[in-house]
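Reader: I should like to go through this structure by question and answer. May we begin directly with an individual residue?

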Amino acid sequence: MNANEYPDAPTGKPLWLITLADLALLLVGFLVLLQATQHIGGKDLAKGIREGFGTNDTEPTPMPVAAAGILDFAPGSAILPTTPGALVAWAREAARDPRVMLTVTGSTDGTPADIDRVTGSAAILAADRARTVAAALAAVAPSRVAIVTATKPGRRAAIVSVAFVGEAPRTQP
């Protein structure tokens, strides 16, 4: 077979034109979405999107943005190893934004010596460390402090994390 026997290639649209049409349709779809949702509140829109993807989460989990803490507790002790002044100042600055939550996470190192002396429980010692640091932060933002314990051994510490939780609920006058 020679080159004259092959049929001519059909004329078509250039590839860039198809890509441009796809982009234009995406832009139109986005503008229609914006127009259709302009009267829906942000929380209702987020709820609808979550339902559309089949999730049951009613509230998103807080997004941690910063952390500080007190490290190197003595084994088996929940007594603060250093003064918490710098941590309190840091937390006070972070809590100026009403959209954040402070979470205090207590932890133990997993050794047999790092347990609560009365109960023999590492989880109780971790909770005691978190409560000790939370008590130091009590004047900062008492309604926005949560206490948790680490699920796995780590350091003998109490870590304070700042998490973005969204807009504070508005009260009706």
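Reader: In which loop is Thr 108 placed?
Author: The model discussed here is predicted. In it, Thr 108 falls between two elements of the chain, namely strand 2 and helix 4. Its place is therefore the loop between strand 2 and helix 4.

Reader: Is Thr 108 buried or exposed?
Author: Residues with under 20% relative accessible area count as buried. Thr 108 counts as buried because its relative accessibility is 8%.

Reader: Which residues does Thr 108 touch, not counting those up to four places away in sequence?
Author: Among its partners are Ala 122, Leu 125 and Ala 126. Further partners include Pro 153, Gly 154 and Arg 155. The list also holds two residues that form a salt bridge with each other, namely Asp 114 and Arg 129.

Reader: What is the N to O distance in the salt bridge of Asp 114 and Arg 129?
Author: A salt bridge requires a side-chain nitrogen of Lys or Arg within 4 Å of a carboxyl oxygen of Asp or Glu. The side chains of Asp 114 and Arg 129 meet this requirement, with an N to O distance of 2.6 Å.

Reader: How many residues apart in sequence are the parts that this pair ties together?
Author: Asp 114 lies in the loop between strand 2 and helix 4, whereas Arg 129 lies in helix 4. The pair therefore ties together parts whose separation in sequence is 15 residues.

Reader: What relative accessibility does each partner, Asp 114 and Arg 129, have?
Author: Asp 114 counts as buried, with a relative accessibility of 0%. Arg 129 also counts as buried, and its relative accessibility is 0%.

Reader: With which residue does Asp 128 form a salt bridge?
Author: Asp 128 lies in helix 4, and its partner lies there too, three residues apart, about one turn of the helix. The closest N and O atoms of the pair are 2.2 Å apart. Asp 128 counts as buried at 18% relative accessibility, whereas the partner counts as partly exposed at 48%. That partner is Arg 131.

Reader: How many salt bridges does a search of the whole structure find?
Author: One of them joins Arg 99 and Asp 97, at 3.0 Å from N to O. Both of these residues are partly exposed, Arg 99 at 30% relative accessibility and Asp 97 at 24%. The search of the whole structure finds six.

Reader: Which helix gives the most to the largest nonpolar core?
Author: The largest nonpolar core has 19 residues, and those with the most contacts inside it include Leu 102, Val 133 and Val 160. Helix 3 (85–94), strand 2 (100–107), helix 4 (122–136) and strand 4 (157–164) each supply at least two residues of this core. The most, four residues, comes from helix 3.

Reader: Which residues are in contact with Val 104, leaving aside neighbours within four places in sequence?
Author: Val 104 is itself listed among the residues with the most contacts inside the core. Its contacts include Ala 130, Val 133, Ala 134 and Leu 137. They also include Val 145, Ala 146, Ile 147 and Val 148. The remainder are Ala 158, Ile 159 and Val 160.

Reader: Where is Asp 72, and what is its phi?
Author: Asp 72 is found in the loop between strand 1 (63–70) and helix 3. At 49% relative accessibility, the residue counts as partly exposed. Although Asp 72 is not a glycine, its phi is positive, at about 60°.

Reader: Which residues make the nonpolar surface patch of about 550 Å²?
Author: One contributor, Leu 15, lies in helix 1 (residues 15–36). Leu 15 is exposed, with a relative accessible area of 66%. The patch is made by Leu 15, Trp 16, Leu 17, Ile 18 and Leu 20.

Reader: How far apart are the C-alpha atoms of Tyr 6 and Arg 155?
Author: Tyr 6 lies in the segment before helix 1 and is exposed, at 54% relative accessible area. Tyr 6 and Arg 155 are 149 residues apart along the chain, and their C-alpha atoms are separated by 75 Å.

Reader: What radius of gyration does the protein chain have?
Author: Along its principal axes, the C-alpha trace spans about 95 × 60 × 30 Å. A compact globule of 173 residues would have a radius of gyration near 16 Å, but the value for the protein chain is 28 Å.

Terms used:
Residues numbered from 1 in each chain as written. Predicted model: local features only at pLDDT ≥ 70, side-chain atom pairs only at ≥ 80, totals over all residues. Heavy atoms only, no water. Patch = residues over 30% accessible without salt bridge, like charges linked within 9 Å, V, L, I, M, F, W, Y side chains within 5 Å. Areas by Shrake-Rupley, 256 points an atom, 1.4 Å probe, with all protein chains shown as cover. Buried < 20%, exposed > 50% of the residue type's maximum accessible area, 1.4 Å probe, protein only. Rg over C-alpha atoms; globule rule 2.2 N^0.38 Å. Core = buried A, V, L, I, M, F, W, Y, C linked by side-chain atoms within 4.5 Å. Contact = heavy atoms within 4.5 Å.
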